[in-house]
Amino acid sequence: MHCRPTFPFSVFLALIFAASAAATSLASDAPLVRTIAADLRQVSGPTNRMPEFCVGAGRANEGLRADWQRQLRRVRAECGFRYIRFHGLFCDDMGVYFEEKGQPVYSWAYIDELFDFLQSIGMKPFVELGFMPSGLASGSQTIFWWRGNVTPPRDYAKWEAFVAAFVQHCTERYGRDEVRSWYFEVWNEPNLDGFWMGNPQKKPYPEWSVGARAEYLKLYATTARAVKSVDTAYRVGGPATAGEGWVDETLAFCAEQKVPIDFVSTHSYATMSGFLDEYGNAGTIFAPDRNAITSGVRNVRAKIARSAFPKAELHYTEWSASYTPADPIHDSYHSAAFILDKMRNIDRAADSMSYWTFTDIFEEPGPRSTAFHGGFGMLNYQDLPKPSFYAYKFLHQLGDTQLVCADPASLVCRDARGGVQALFWDFTITNSEAKMNNQEFYKADQPAKPLGAADLKLTGLAPGAYRLLATKVGYRANDVQSAWRDLGSPGQLSRTQVETLRHAAAGTPELDERVEVGSDGAFKRPFATRENDVWFVELRPL
């Protein structure tokens with residue numbers, strides 16, 4: 001008789017547990033499938049065009065350069081920006097103010113040249129009123145390589161007359177209806193002592209802030225009165241603060257003193273600390289909070305709603321991943337998904353989010369000596385597009401009707417011709433555990449981990465032939481920073497190197513083919529995704 005060997009029951013349970021664990025491990029290692037589904041008959045509403053409302057630039061005088069104008073023409077055409085904001089409109093290099101025998105002499109020639117160019121490409125100025133012409137200044141303190149004077153006017157009556165004369169000149173040159181569509185913002189980041197020496201006693205923090213804020217509110221009231229003296233319908237606002245500061249105080253002051261305020265403006269950057277570092281020497285760390293910037297915008301919107309000015313617009317006249325123009329995150333492929341995440345989740349909580357900036361032609365620390373130095377721009381000196389450029393280009397290419405889509409990291413739209421556009425991405429904060437200095441982490445090669453497939457499922461399409469185009473931005477996909485590293489990170493680029501990089505970041509679709517949609521009106525296609533990949537998929541009727 002053959003006897004079957006017996007096992008203790010505990011051993012049997014252990015074997016079952018091991019098999020179950022192995023199966024679980026295999027399941028967890030299997031790539032996850034993400035579904036992005038939309039029906040062209042299920043409409044969410046009009047596509048939100050807030051992201052293209054405004055974009056930033058360094059200073060007004062840079063706008064007189066041919067390369068700056070060439071690049072702005074491009075981002076206007078491909079990203080759709082309608083307004084532009086910059087510092088230094090009243091700095092001495094714009095030649096706006098002189099005095100002869102104690103009498104003011106105004107000159108608007110350089111401003112006219114710049115504003116005329118904006119008009120010629122269909123853009124409008126979001127006018128930052130500052131900094132102080134030296135002929136009007138109460139002190140000699142300046143900021144940046146180009147020496148913007150940051151002191152209050154020595155004579156507020158002369159400042160008020162100067163601002164009123166400028167606004168009157170714009171009215172005469174461009175027409176009252178046109179100027180009514182502009183915005184006039186008072187100063188820039190007066191809650192930072194680098195930008196505003198509004199405290200003659202030079203007291204330390206926090207006492208400095210109290211005196212500086214009082215002096216700024218005096219400047220705001222005087223300036224708002226000057227703008228409104230030309231036309232009460234002209235829009236004026238502030239406080240244009242760093243880190244969303246002084247919002248409650250400004251709104252309360254305007255209510256108490258009956259000072260007009262048509263919009264609130266402020267700034268935000270996705271860093272863990274700091275506000276001003278034009279050289280990047282202090283080091284920045286990308287905020288590990290996924291709600292960075294987004295939560296702040298919603299908080300400021302709530303402050304406005306509780307104030308005496310609940311209908312005031314909210315404009316973030318500066319925002320980005322980092323506040324220094326020496327941060328390689330600006331050049332990195334990570335920036336595209338970061339931008340899209342913020343634009344998708346902020347939605348209509350802000351009236352504009354002005355990305356800082358469209359170009360690396362930006363001279364706060366002086367002209368830079370290398371082709372890729374972590375500059376703010378979407379385009380570098382050689383007009384080479386960074387991933388941030390494509391984030392805004394894709395948003396602009398969305399059709400005017402947004403479709404219902406449950407996926408939280410996507411936008412699916414249709415256009416009037418029956419075409420459909422699907423923009424989807426992954427936003428992963430890859431530096432959240434290491435918390436390394438940005439200047440180290442994003443300078444190094446950071447390969448993206450695979451995430452699995454994203455299944456795009458579209459229904460409600462008209463049967464027939466379509467052209468399918470799918471463009472990807474991510475690690476080594478329209479990733480000019482990685483292509484530059486492959487060349488050895490040269491400081492200066494030869495013409496051949498520029499063409500190599502231009503080809504690597506040309507935005508060429510990975511898929512360009514003809515597809516047929518059957519009588520069921522359905523289309524389905526998987527797209528392999530990695531961390532921080534961005535896909536822009538189009539179906540164009542043929």
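**Figure 1. Helix 2 and helix 3 run roughly parallel to each other.** This angle class applies under 35 degrees, whereas over 145 counts as roughly antiparallel, 65 to 115 as roughly perpendicular and the rest as oblique. The view is taken from a predicted model, in which local features need pLDDT of at least 70, side-chain atom pairs count only at pLDDT 80 or more, and totals for chains, interfaces and linings use all residues. Residues are numbered from 1 along each chain as its sequence is written, and side-chain values use heavy atoms, with hydrogens and water left out. Helix 2 spans residues 66-79 and helix 3 residues 109-120; they pack at an angle of about 25°, with their axes 11 Å apart. Axes are lines fitted to C-alpha atoms, for helices over the stretch in contact, and angles run from 0 to 180 degrees between N-to-C directions. Helices (H or I, at least four residues) and strands (E, at least two) are DSSP runs, numbered from the N terminus. The crossing of helix 2 past helix 3 is right-handed, meaning that the near helix is turned clockwise from the far one by less than a right angle; anticlockwise would be left-handed. On helix 2, W68, Q69, L72 and R73 meet L114, F117 and L118 of helix 3, where contact means heavy atoms within 4.5 Å. Five nonpolar residues, one polar and one charged make up this contact. In this classification, Ala, Val, Leu, Ile, Met, Phe, Trp, Tyr, Cys and Pro count as nonpolar, Asp, Glu, Lys and Arg as charged, and the others, Gly among them, as polar.

**Figure 2. Helix 8 packs against helix 9 with a crossing angle of roughly 30°.** The axes of helix 8 (residues 294-306) and helix 9 (residues 334-346) come within 9 Å. Helix 8 is therefore roughly parallel to helix 9. T294, V297 and R298 of helix 8 form the contact with K342, N345 and I346 of helix 9. Two nonpolar, two polar and two charged residues take part.

**Figure 3. K342 of helix 9 is shown with its surroundings.** K342 is buried, at 1% relative accessibility; buried means under 20% relative accessible area, exposed over 50% and partly exposed in between (1.4 Å probe, protein chains only). Leaving aside residues up to four places away in sequence, K342 touches R290, N291, A292, I293, T294, W319, D347 and F427.

**Figure 4. Two cis peptide bonds are shown, at G238–P239 and at W356–T357.** Omega is about 5° for the bond joining G238 and P239, and P239 belongs to strand 11 (residues 235-241). For the bond joining W356 and T357, omega is about 10°. T357 lies in the loop between strand 14 (352-355) and helix 10 (387-397).

**Figure 5. R147 and E189 have positive phi values.** Neither R147 nor E189 is a glycine. R147, with phi near 55°, sits in the loop between strand 8 (142-143) and strand 9 (148-149). R147 is exposed, at 62% relative accessibility. E189 has a phi of about 45° and is located in the loop between strand 10 (183-186) and helix 6 (207-230). E189 is buried, with a relative accessible area of 4%.

**Figure 6. The model contains zero disulfides.** A disulfide is counted as a pair of cysteine sulfur atoms within 2.5 Å. For C405, the nearest cysteine sulfur is that of C413, 9.8 Å away. C405 is buried at 14% relative accessibility, and C254 is buried at 1%.
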